[in-house]
Amino acid sequence: MSDMEIQGQANAGTAVPNIDELPLDALIIVPVRNLVLFPGMVTPIAIGRPKSIAAAQQAVRAQRQIGVLLQRDPEVADPGAADLHRMGTIANIARYVTAPDGSHHLVCQGEERFQIAEYLDGWPFLVARIRRVVESDTRTPEIEAHFLHLRGQALEALQLLPQTPRELLAAVESVESPGALADLTVAYMDLKPEEKQDILETIDSKARMEKVSRLLAHQIEVLRLSHEIGKQTKASLDERQREVLLREQMAAIQRQLGEGDEGKKLEMAELAEAIAKAGMPPEVEEQARKELRRLERMPEAAAEYGMVRTYLDWLVELPWRLPEETPIDIAEARRILDADHYGLDKIKQRIIEYLAVRKLAPTGKAPILCFVGPPGVGKTSLGQSIARAMNRKFVRVSLGGVHDEAEIRGHRRTYIGALPGNIIQGIRKAGQRNCVMMLDEIDKLGAGIQGDPNAALLEVLDPEQNNTFRDNYLGVPFDLSRVVFITTANMLDSVPGPLRDRMEIISLAGYGAQEKFEIARRYLVQRQLEANGLQPGQVEISDDALREIIQFYTREAGVRALEREIGKVLRNAAVRIAEGASGPIRIEVSDLTEILGQPRFESDVAMRTSIPGVATGLAWTPVGGDILFIEATLIPGRGKLILTGQLGDVMKESAQAAFSIVKNRAISLGIDPAKFETSDVHVHVPAGATPKDGPSAGVAMFMALTSLLTDRTIRADTAMTGEISLRGLVLPVGGIKEKVVAAARAGITRVMLPARNKRDYDDIPEEVRNQLEFIWLEHVEQAVDAAMNVVSGQVRQDAA
């Protein structure tokens with residue numbers, strides 16, 4: 001019978017059939033939510049649906065049993081046949097109770113399992129023919145073993161439960177039937193209704209005991225852990241109570257000896273004196289004395305005593321007074337910068353200007369400098385040199401990986417273990433309010449659910465606001481206006497615009513080969529001699545060996561890898577000296593292969609550009625400039641352009657623009673237009689695992705395609721950069737200084753740059769300018785004239 005038929009029958013308003021006419025194998029059905037009744041169990045059932053109330057009242061009047069069935073979905077208000085499980089429990093109604101609030105309750109005792117055969121029509125409530133489920137009483141040795149094991153588990157679980165009735169323990173011990181034991185055990189277990197229904201529908205007693213045993217094993221493990229946690233908690237509470245009692249006794253003993261109050265009074269007097277000498281502003285001193293009065297009234301055993309005392313210690317130890325200004329000696333500052341750093345003339349000049357302004361206007365609002373450049377070019381050491389030149393304390397705050405605003409502003413004192421932010425901690429460490437503070441790796445800040453540290457730095461780095469900087473822990477304003485802030489970054493892309501606007505950007509390009517040689521000779525060798533326990537006269541590295549290391553063992557914008565390689569060479573010499581080698585050891589070029597292995601880098605430009613279709617481009621990366629190769633080849637097809645090498649959308653569009661220009665100017669370039677109809681062009685940028693993007697490879701893309709389709713090679717000593725338009729114009733790009741330095745480092749002697757980038761020429765180091773020939777491009781035809789070899793056939797013949 002369908003759900004709609006049952007509901008329609010119930011709502012039709014027809015006369016109720018005589019209950020005595022109900023067949024013997026029929027049963028009144030009472031649906032229940034989230035409840036499974038097992039045979040032998042006595043359970044109260046709350047009923048509230050009109051059909052359920054009518055069914056229960058009819059069963060009570062006729063003294064008939066009912067069938068208790070679990071709903072599949074407890075949200076269904078008027079369940080039908082499809083909404084109920086097929087197996088339930090026949091129950092006797094022991095009591096029917098109507099509460100004063102009008103609710104109805106049954107107290108039912110389960111008798112045996114039944115299964116629905118079919119639902120009957122014509123009743124205002126659910127009535128169904130049933131089949132009684134008869135359980136087997138067979139007792140095999142295996143069933144007996146399961147029975148004893150389950151009984152032991154059930155007793156253990158009951159003993160772990162708090163306030164278990166003795167009657168329940170006795171009931172479990174007295175059960176003789178395996179099936180009844182499984183039903184009794186699962187009835188008091190905290191399981192989901194679906195899990196209990198699965199046990200109810202398991203007829204075989206052995207299988208039923210196995211299921212109950214598995215569920216009970218998990219319950220016992222949880223109860224054991226809960227019991228252990230409870231014991232540990234109780235032990236912890238007992239220990240605390242013992243500690244409190246001992247502290248009270250100790251306080252009483254101190255009062256009897258006259259020691260307790262005197263010691264605290266002395267401590268409070270010392271704190272009051274420290275507050276008076278700290279030179280705090282009136283607002284801060286008032287807050288400190290208020291907290292001191294709280295501390296005086298607070299017993300030492302109070303949990304908040306240590307928090308207040310730590311807070312007062314922070315207030316007292318901060319440098320509130322401004323130290324006496326030391327005059328800045330510009331000549332000495334220039335000497336310090338020249339002694340600490342080689343080259344960087346423009347950077348040094350800007351720093352000297354900065355120091356001159358600070359000397360003439362000590363209370364003025366000086367700009368906040370941000371050193372931007374690849375790793376290892378000396379950004380952090382420049383900050384240390386500025387501190388030496390100004391004769392001030394230097395403190396460095398690393399911001400790499402910081403993603404919590406509280407790292408800048410501090411935590412509120414309500415949190416356990418709260419501390420001020422890194423800014424206040426750095427000032428306390430320096431001990432001066434006018435220290436030089438370097439915020440290192442400002443581009444590595446990240447935002448998280450704890451807030452955005454970049455937003456917190458807006459106040460710190462704003463000279464108009466930072467004179468009233470308020471740390472969350474201190475809760476009082478602190479003047480940061482006299483702190484000399486210097487920041488460093490590898491790239492500015494990740495620095496938000498408002499924060500970048502508060503800083504003056506000073507770019508540091510990578511070093512050239514000659515600069516690296518001078519830095520190694522003047523600084524790195526001496527530093528590594530000291531690091532490896534060697535005296536200057538014991539080991540000497542020849543100039544040729546240093547140049548060999550720079551050219552063939554390192555390729556970087558900075559000098560960190562160079563210093564590591566020098567360290568390897570000196571460690572090899574240290575081993576020989578420790579083994580008893582006499583006399584000074586001199587490292588020559590011939591010794592490097594044995595110490596450092598085969599050269600790691602070699603100039604492969606000539607080799608890779610010896611065939612048509614390969615152009616050398618220039619790229620900018622966060623760690624400095626680099627060269628990259630654009631390779632093109634023809635394959636049979638229909639004139640499509642195929643791009644590979646993990647290129648970004650902008651770079652793909654540059655390649656498409658270059659391809660369109662070549663097709664548009666095919667005849668003037670000496671290209672047969674028929675090639676485009678029978679061939680596809682495949683452009684690939686090697687180092688495919690590295691993502692690449694940007695418009696500056698447009699000229700190199702155009703030259704690679706032109707070289708391929710004209711069968712002419714590009715000069716191996718020439719590299720290029722520049723964006724192109726569909727009209728063939730060469731447009732300006734960024735990162736010229738880094739790209740040109742990388743070209744010189746790779747052995748390139750000619751670079752082709754956009755003519756509109758001539759403004760960047762002065763930024764290129766003079767040493768690099770002297771090494772390279774510069775070709776300025778207005779349109780792409782100039783690139784073809786300047787970079788193409790005459791014919792490729794002769795080149796191939798000579799190579800063969």
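Mentor: Let's start with a term: a residue is buried under 20% relative accessible area, exposed over 50%, and partly exposed in between, using a 1.4 Å probe and protein chains only. This is a predicted model, in which local features need pLDDT of at least 70 and side-chain atom pairs count only at pLDDT 80 or more, while totals for chains, interfaces and linings use all residues. Residues are numbered from 1 along each chain as its sequence is written, and side-chain values use heavy atoms, with hydrogens and water left out.

Trainee: Thanks! How many of the residues of strand β23 are buried?

Mentor: Helices (H or I, at least four residues) and strands (E, at least two) are DSSP runs, numbered from the N terminus. β23 covers residues 750-754 and is largely enclosed by the rest of the structure. That follows because the buried count is 5 of the 5 residues.

Trainee: Which strand is joined to β23 by 5 bridges?

Mentor: Two strands pair if DSSP finds at least two bridges between them. Strand β20 (residues 718-720) pairs with β23 in the parallel sense over 3 bridges, and Ala719 stands opposite Val751 there. On β23, Pro754 also has a facing residue, Leu777. The partner that runs parallel to β23 over 5 bridges is β24.

Trainee: What average pLDDT does the protein chain have?

Mentor: pLDDT is the predictor's confidence in each residue, from 0 to 100. At least 70 is the score of 94% of the residues, but the pLDDT is below 50 over residues 1-14 and also over residues 792-800. For the protein chain, the average is 84.

Trainee: In what order do the 5 strands of the open sheet stand?

Mentor: The pairing in this sheet is parallel, and one example is the 4 bridges from β9 (residues 436-440) to β12 (residues 484-489). Its edge strands, which pair on one side only, are β8 (394-398) and β13 (503-507). Put together, the order is β8-β9-β12-β7-β13.

Trainee: By what average angle are neighbouring strands of this sheet turned against each other?

Mentor: Axes are lines fitted to C-alpha atoms, for helices over the stretch in contact, and angles run from 0 to 180 degrees between N-to-C directions. With direction ignored, the average turn between neighbouring strands is 25°.

Trainee: Which helix gives the largest share of the largest nonpolar core?

Mentor: A nonpolar core is a set of buried Ala, Val, Leu, Ile, Met, Phe, Trp, Tyr and Cys residues joined through side-chain atoms within 4.5 Å. The largest one has 54 residues, and Leu355, Phe371 and Ile566 have the most contacts inside it. Another core, of 53 residues, lies apart from it. The helix that gives the largest share of the 54-residue core, with 7 residues, is α18.

Trainee: What is the distance between the end C-alpha atoms of helix α20?

Mentor: The expected span of a helix is 1.5 Å times one less than its number of residues. α20 (residues 560-578) has 19 residues, so it should span 27 Å. The model agrees with this, since the end C-alpha atoms are apart by 26 Å.

Trainee: Which residue with a positive phi follows α20?

Mentor: Inside α20, the buried residues include Leu562, Ile566 and Leu570. These buried residues pack against elements including α18, α19 (543-552) and α21 (589-596). After the helix comes a residue with phi near 105°, Gly580.

Trainee: Is Gly446 buried, exposed or partly exposed?

Mentor: Gly446 lies in the loop between β9 and α16 (453-460). A contact means heavy atoms within 4.5 Å, and Gly446 touches Val402, His403 and Pro453, not counting residues up to four places away in sequence. Its relative accessibility is 23%, and therefore Gly446 counts as partly exposed.

Trainee: What relative accessible area does Asn34 have?

Mentor: Asn34 sits in the loop between β1 (26-32) and β2 (42-47). Its phi is near 55°, a positive value in a residue other than glycine. Asn34 is exposed because its relative accessible area is 53%.

Trainee: And near what value is the phi of Asp711?

Mentor: Asp711 is found in the loop between α25 (698-710) and β20, and with a relative accessible area of 34% this residue is partly exposed. Asp711 also has a positive phi in a residue other than glycine, near 60°.
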